[in-house]
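User: Please take a close look at the sheet in this model, and at the pockets and the cavity that go with the elements around it.

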Amino acid sequence: MLDYTCVDQTLIYRRYDIEYENTNLPTNIIARMLPSDNLLREVAASVVYMRLKEVGPAVMTALQMRKPAEDIINDGLVAGMEIVSHLYACGMCHLPEVMMAAKSMEIGVSIAEKQIPGERNTKGKVVMHSAEGDPHDIGKNIAGVMLRSAGYTVVDMGKDVPVDSVVDKVLEIRPLMVTGTALMTTTMSAFPKAAAKLIERGMNIPYMVAGGAVNREFAESFDCGIYSKKALQTPPLVDKARNGYDWIAIRKEWDDITRGIQ
């Protein structure tokens, strides 16, 4: 029998790093990211595991135990959605799971918000829509989930939204940014039209465009236009607008802002 005792095992190539993979199993990632507070942990877990029937009772229990409603939202519900967003970015969960988790979060938020006098504090508002004539909204919905997870209020106008309706809503809401999605090349022309009308009305805010029909070159072909290639890029781009960046500055730093975000 061969004697392997003298072999330096560190020089042997390993196809898989078992120890690394074990620490990065979805269950281990979730365990590390869940809140340490037991009540908030239960709230967050109900979002992560898409427990539509359990999220309400978890929120109510936390409220009964004198947890502030905003803490329940930000440190429980949104924290849970952040975990789901992280798993999605890592390819460990899929779109249906993201949308179910988002539904769980929305159920919990609707309960907790009723206990907040006045309007809930958020990072800011973003108006979202799919272009006039375009019936596709999956990408918009995913980006909306990411924005809500990041602490923003999303005003979702839905799909096939007329240009004038977008303009009117932006003038009413005065958001940090407006986003438009187009999957059909026949509908993407709605974006420069809407942007021009907003500029005429004094709303020179970033107009983010996304979807299979558009690219960065198109987005930067009209004033106010910026580009988002992936839903996960939306929150950091909106963060820049919140920090005072105009659309020109965002364009200049787009590569740095989106670097490493798949």
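Analyst: pLDDT is the predictor's confidence in each residue, on a scale from 0 to 100. The model is predicted, and its protein chain averages a pLDDT of 89, with 91% of the residues scoring at least 70. Confidence in the chain is lowest in helix α1 (residues 18-23), where the mean is 56, and highest in β5, at 98.

The sheet is open and has five strands, which run in the order β2-β1-β3-β4-β5 with parallel pairing. Its edges are β2 (153-156) and β5 (225-227); each of these has a single partner strand, so one side of each is left without a neighbour in the sheet. From one strand to the next, the twist averages 30°. At the β2 end of the order, β1 (residues 125-130) pairs with β2 in the parallel sense over four bridges. M128 has D156, in β2, as its bridge partner.

Two helices can be placed against these strands. Helix α7 (residues 138-149) packs on the sheet and touches β1, β2 and β3 (177-181). The direction of α7 makes about 170° with that of β1. Helix α9 (residues 190-200) also packs on the sheet, where it touches β1, β3 and β4 (207-210). For α9 the angle is given against β4, and it is about 175°. Strands β1 and β3 are thus touched by α7 and by α9.

Next come the open spaces. The largest pocket has a volume of about 430 Å³. Its lining comprises 27 residues, and those nearest the pocket centre are G139, G211, K229, K230 and A231. Helix α7, strand β3 and strand β4 each supply at least two residues of this lining. The most comes from α7, with five residues. By class, the lining of the largest pocket holds 13 nonpolar, 10 polar and four charged residues. Helix α7 therefore has two roles in this description: the helix packs on the sheet, and it gives the most to the lining of the largest pocket.

The second largest pocket has a volume of about 250 Å³. It is lined by 13 residues, of which V109, E113, R120, R148 and Y152 are the closest to its centre. Two or more lining residues come from each of α6 (95-113) and β2. The largest share, five residues, belongs to α6. The lining of this pocket divides into five nonpolar, three polar and five charged residues. Edge strand β2 is thus one of the elements that line the second largest pocket.

Closed space is the last item. Over the whole structure, a search finds one cavity of 30 Å³ or more. About 40 Å³ of space lies in this largest cavity. The residues that line it are H129, A131, E132, V161, V163, V166, A190, F191, A194 and Y207. Helices α8 (163-173) and α9 each give two or more residues to the lining. The most comes from α9, with three residues. By class, the cavity lining has eight nonpolar residues, one polar and one charged.

Taken together, α7 touches β1, β2 and β3 and gives five residues to the lining of the largest pocket. Helix α9 touches β1, β3 and β4 and gives three residues to the lining of the largest cavity.

Terms used. Residues numbered from 1 in each chain as written. Predicted model: local features only at pLDDT ≥ 70, side-chain atom pairs only at ≥ 80, totals over all residues. Heavy atoms only, no water. Pairing = 2+ DSSP bridges. Axes fitted to C-alpha atoms, helices over the stretch in contact; angles between N-to-C directions. Contact = heavy atoms within 4.5 Å. 1 Å grid on protein atoms, 1.4 Å probe; cavity = no way out; pocket = protein on both sides within 12 Å on 5 of 7 lines; lining within 4 Å. Points joined across faces, edges and corners; volume = space filled by probe spheres on them. Nonpolar A, V, L, I, M, F, W, Y, C, P; charged D, E, K, R; others polar.
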